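Dear colleague,

I am passing on the structure we spoke about, together with some notes on what was found in it. Please have it open while you read.

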Amino acid sequence: MKKSHSQWSSRMGFMLAAAGSAVGLGNIWKFPYMAGEMGGSAFVLTYLLFMFLIGLPILVLEWLIGRRGQKNPIHTMEDVAVSEGRSKLWKWVGMIGVLGSFLILSFYSVIGGWATDYIFLAIKGTFNGVDGAGTGQIFSNFLGNVNSLLIWHTVFMAANTLIVALGVGAGLERSCKVMMPGLGILLLVLVGYAAYVSGPSFGEAFNFLFTPNLSALNGTAILAALGHAFFSLSLGMGIMMAYGSYLGKDVNLLSTARTVVILDVIVAMLSGMAIFPLVFANGLEAGSGPGLIFVTLPIAFGNMAGGTILGCLFFIFLTFAALTSSISLLEPTVELLEEKTHMGRKTATVVSSILIWALGIACILSFNEWSNVKLFDKNIFDLLDYLTSKIMLPVTGLGTVVFGAWMMNQKRIREELKLNEFWFSIWTVLSRFIVPIAVILILIYGFI
Ligand code: PFF
């Protein structure tokens with residue numbers, strides 16, 4: 001087997017790439033609509049707690065295991081398991097992870113394609129003066145148009161292929177070094193603009209997201225927040241393990257993870273503060289679900305001063321965020337093919353992309369021609385989403401944390417994380433008990 005010797009060129013580059021993976025559609029598309037549906041602040045505060053208590057330890061363990069193995073997630077798990085005197089079967093954790101990232105990318109790219117197309121719809125002034133029925137119609141026409149969905153999915157996958165083929169340093173790292181600061185600036189402009197045009201609704205949005213209202217907290221919201229903390233940090237997909245395999249010994253895992261979690265949380269919160277003021281100022285429905293960004297928000301863009309430019313900036317922002325995540329979804333498959341076959345990096349990227357692209361076509365058809373094709377009462381798109389985020393992701397996450405906390409030498413982990421007695425005991429309680437139990441709960445919740 002060939003071994004990939006690439007490494008991130010700096011801690012900063014690695015951190016931006018990891019944050020790029022974490023910050024994505026989950027922060028901008030999913031988080032606001034989930035918060036809207038689940039009563040705002042109660043959901044937000046629970047999510048915040050889980051990001052640090054549950055997400056952070058798993059993130060650290062994925063990097064730590066990846067750095068030990070220095071290979072794709074499957075062979076990393078196998079090698080590390082053998083070196084710890086454990087069964088080779090642990091490689092299944094890596095296997096489900098790689099398969100999961102492959103499957104997620106097939107539909108993630110379709111949604112990335114929507115975001116890209118919406119940039120052009122905004123530029124063309126398609127949303128000018130429309131009402132809810134109008135944007136609903138635009139969106140359903142769009143979903144019914146196989147050709148345009150296919151074109152944008154193809155464009156989006158091609159962009160992924162170009163970046164990932166360039167390699168870890170010149171592709172993943174460099175593109176995130178450009179896109180992540182760009183994303184930060186766009187986001188600040190969007191929030192500033194929302195504050196400027198929406199007047200008192202800005203305060204209303206702030207209260208909606210941050211004033212504690214624990215009466216709205218129920219089991220569903222708690223478990224959804226937990227699941228989302230997972231998705232949002234790109235955990236349980238072999239991604240962070242693959243990113244860890246390119247990591248040098250000198251990088252401090254805990255402090256880097258803390259920064260990535262904080263960045264991810266800030267983007268989710270600011271996205272909420274860019275979106276909800278517009279929703280409230282225009283008298284729109286906060287709990288409108290997955291259509292919030294593609295159906296509800298365009299009404300606001302179409303009916304406010306400067307809406308064309310704001311809409312355009314918003315969808316550029318969404319596309320960038322989706323792209324920095326989707327390249328990370330491609331990486332585990334590419335790393336596997338590159339190391340296990342004689343393909344070079346470029347061929348491995350093209351082959352992986354074509355396979356994922358083809359599966360994406362099935363997702364596209366599930367919105368129109370194949371909308372009646374159902375398994376377990378779900379179309380292909382919903383089925384892939386369900387299978388990956390509700391089952392594969394927690395299973396891999398559980399495998400990772402059980403392996404890291406129960407199968408590996410804890411003394412070495414303590415040294416590697418540079419923890420004193422006190423913090424190590426907290427780490428132990430979290431990683432051995434609290435995190436696995438929380439993940440088992442997410443799994444059970446997924447089934448019911
Ligand atoms: N973390 C990304 C987001 O929040 O959009 C999505 C994601 C990327 C999920 C990679 C899972 C994953 F493995």
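Which sign does phi take at Gly-199, just after α8? Phi of Gly-199 is positive there, at about 55°. Please bear in mind throughout that this is a predicted model, and that the values below were computed from it.

To begin with the whole chain, it has 18 helices and zero strands. Its radius of gyration is 21 Å, close to the 22 Å that the globule rule gives for 448 residues, so the chain is as compact as a globular protein of that length. Along the principal axes, its C-alpha atoms fill a box of roughly 65 × 50 × 45 Å, and buried residues make up 53% of the 448 residues. If one takes the contacts between residues at least 6 apart in sequence, 84% of them join residues at least 24 apart.

The ligand comes next. It is surrounded by 16 residues, of which the closest are Gly-24, Gly-26, Ser-234, Met-237 and Ser-325. Two or more residues of this shell come from each of α1 (11–22), α2 (25–37), α5 (91–123), α10 (219–232) and α14 (307–340). Sorted by class, the shell holds seven nonpolar and nine polar residues, and no charged ones.

Val-23 may be worth viewing alongside the ligand shell, since it lies in the loop between α1 and α2. Is Val-23 buried or exposed? With 33 other C-beta atoms within 10 Å, where 20 or more are needed, Val-23 counts as buried. Leaving aside neighbours within four places in sequence, Val-23 is in contact with Leu-183, Leu-263, Asp-264, Val-267, Ala-321 and Thr-324. From Val-23 to Leu-45, which is 22 residues apart from it in sequence, the C-alpha to C-alpha distance is 18 Å.

Two of the helices deserve a closer look, and α5, already named as part of the ligand shell, is one of them. The 33 residues of α5 should span 48 Å at 1.5 Å a residue, and its end C-alpha atoms are indeed 48 Å apart, although α5 bends by about 25° at Leu-105. This helix is mostly covered, with 26 of its 33 residues buried, and just after it Gly-125 takes a positive phi of about 80°.

The other is α8 (residues 168–198), whose 31 residues reach 42 Å from the first C-alpha to the last, close to the 45 Å expected at 1.5 Å a residue. Where does α8 bend? The bend, of about 25°, is at Lys-177, and a proline, Pro-181, follows within four residues.

The backbone angles also give two places to check. Most residues other than glycine have a negative phi. Gln-70, however, has a positive phi near 55°; this residue lies in the loop between α3 and α4 (73–83) and is partly exposed, with 18 C-beta neighbours inside 10 Å. Lys-418 likewise has a positive phi, near 55°, and is found in the loop between α17 (410–417) and α18 (421–447), where it counts as exposed because it has 12 C-beta neighbours inside 10 Å.

Finally, there are three further positions for which burial and distances were computed. Ser-87, in the loop between α4 and α5, is exposed, with 11 other C-beta atoms within 10 Å; Ser-87 and Phe-139 are 52 residues apart in sequence and 50 Å apart in space, C-alpha to C-alpha. Gly-291 lies in the loop between α12 (253–281) and α13 (296–302) and is partly exposed, with 16 C-beta neighbours inside 10 Å. Not counting residues up to four places away in sequence, Gly-291 touches Phe-139 and Thr-296, while its C-alpha atom is separated by 29 Å from that of Leu-16, 275 residues apart from it along the chain. Phe-52, which belongs to helix α3 (residues 41–69), is also partly exposed, with 16 C-beta neighbours inside 10 Å, and its C-alpha atom is separated by 21 Å from that of Met-12, 40 residues apart along the chain.

With best wishes

Conventions
Residues are numbered from 1 along each chain as its sequence is written. This is a predicted model: local features need pLDDT of at least 70, side-chain atom pairs count only at pLDDT 80 or more; totals for chains, interfaces and linings use all residues. A residue is near a molecule or strand if its C-beta atom, placed from the backbone, lies within 6 Å of it. Ala, Val, Leu, Ile, Met, Phe, Trp, Tyr, Cys and Pro count as nonpolar, Asp, Glu, Lys and Arg as charged, and the others, Gly among them, as polar. The expected span of a helix is 1.5 Å times one less than its number of residues. The bend at a residue is the angle between axes fitted to the seven residues ending there and the seven starting there. The radius of gyration is taken over C-alpha atoms; the globule rule is 2.2 Å times the number of residues to the power 0.38. Two residues are in contact if their C-beta atoms, placed from the backbone, lie within 7 Å.
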